[in-house]
Amino acid sequence: QVQLVESGGGLVQAGGSLRVSCVASGTFSSYSMGWFRQAPGKEREFVGGISGSGGYRSYADSVKGRFTISRDNAKNTVYLQMNSLKLEDTAVYYCAARTGAVVDFGYQYWGQGTQVTVSS
């Protein structure tokens, strides 16, 4: 069983930066970690993911070049660094964990989410 707790969301102006974190319990390095987001009235979408070792990362086209995912296995924490934020990045951001490869589906464990709001 893995428990995930996100933090670091908030209000930021367009063009600004924000880092959200996700602390996990359990055998953290065994899991690939993903970040997802869900905007009001929209389906949840995959933002990106990172392998257990941190050696492989994948990003959605919409955030590639602006967002960076990293992890610190000693701290059981995964990070989502968001730069050059746009209004359309406003959403609730969730971290999730799965065994196996980094993909955009099949995550067994989910955090409660943290709100990120980008203002003009």
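## Burial of F36 and its partners

In this predicted model, F36 counts as buried, since its relative accessibility is 5% and the limit for a buried residue is under 20%. The same class applies to F46, which has a relative accessibility of 16% and so counts as buried.

Y107 likewise falls in the buried class, with a relative accessible area of 8%.

## Aromatic pairs

The structure holds five aromatic pairs. One of them joins F36 and F46 in an edge-to-face arrangement, with 5.3 Å from centre to centre and 65° between the planes. This pair links distant parts of the chain: F36 belongs to strand β4 (residues 32-38) and F46 to strand β5 (residues 45-50), the two residues being 10 apart.

F36 also pairs with Y107: the ring centres are 5.2 Å apart and the planes lie at 80°, so this pair is edge-to-face. Because F36 is in strand β4 while Y107 is in the loop between β9 (91-98) and β10 (109-110), the pair ties together parts that are 71 residues apart in sequence.

## The ring cluster

Which residues do ring pairs link into a cluster? The members are F36, F46, Y107 and W110.

## Charged groups over rings

Y107 has a further contact, with R98 lying over the face of its ring at 5.7 Å from the ring centre.

A second arrangement of this kind involves R71 and F28: the charged end of R71 sits over the ring of F28, at 4.2 Å from the centre of that ring.

How values were computed: Residues numbered from 1 in each chain as written. Predicted model: local features only at pLDDT ≥ 70, side-chain atom pairs only at ≥ 80, totals over all residues. Heavy atoms only, no water. Phe/Tyr/Trp six-rings, centres within 6.5 Å; stacked < 30°, edge-to-face > 60°. Helix = DSSP H or I, 4+ residues; strand = E, 2+ residues; numbered from the N terminus. Buried < 20%, exposed > 50% of the residue type's maximum accessible area, 1.4 Å probe, protein only. Lys NZ or Arg CZ within 6 Å of the ring centre and 35° of its normal.
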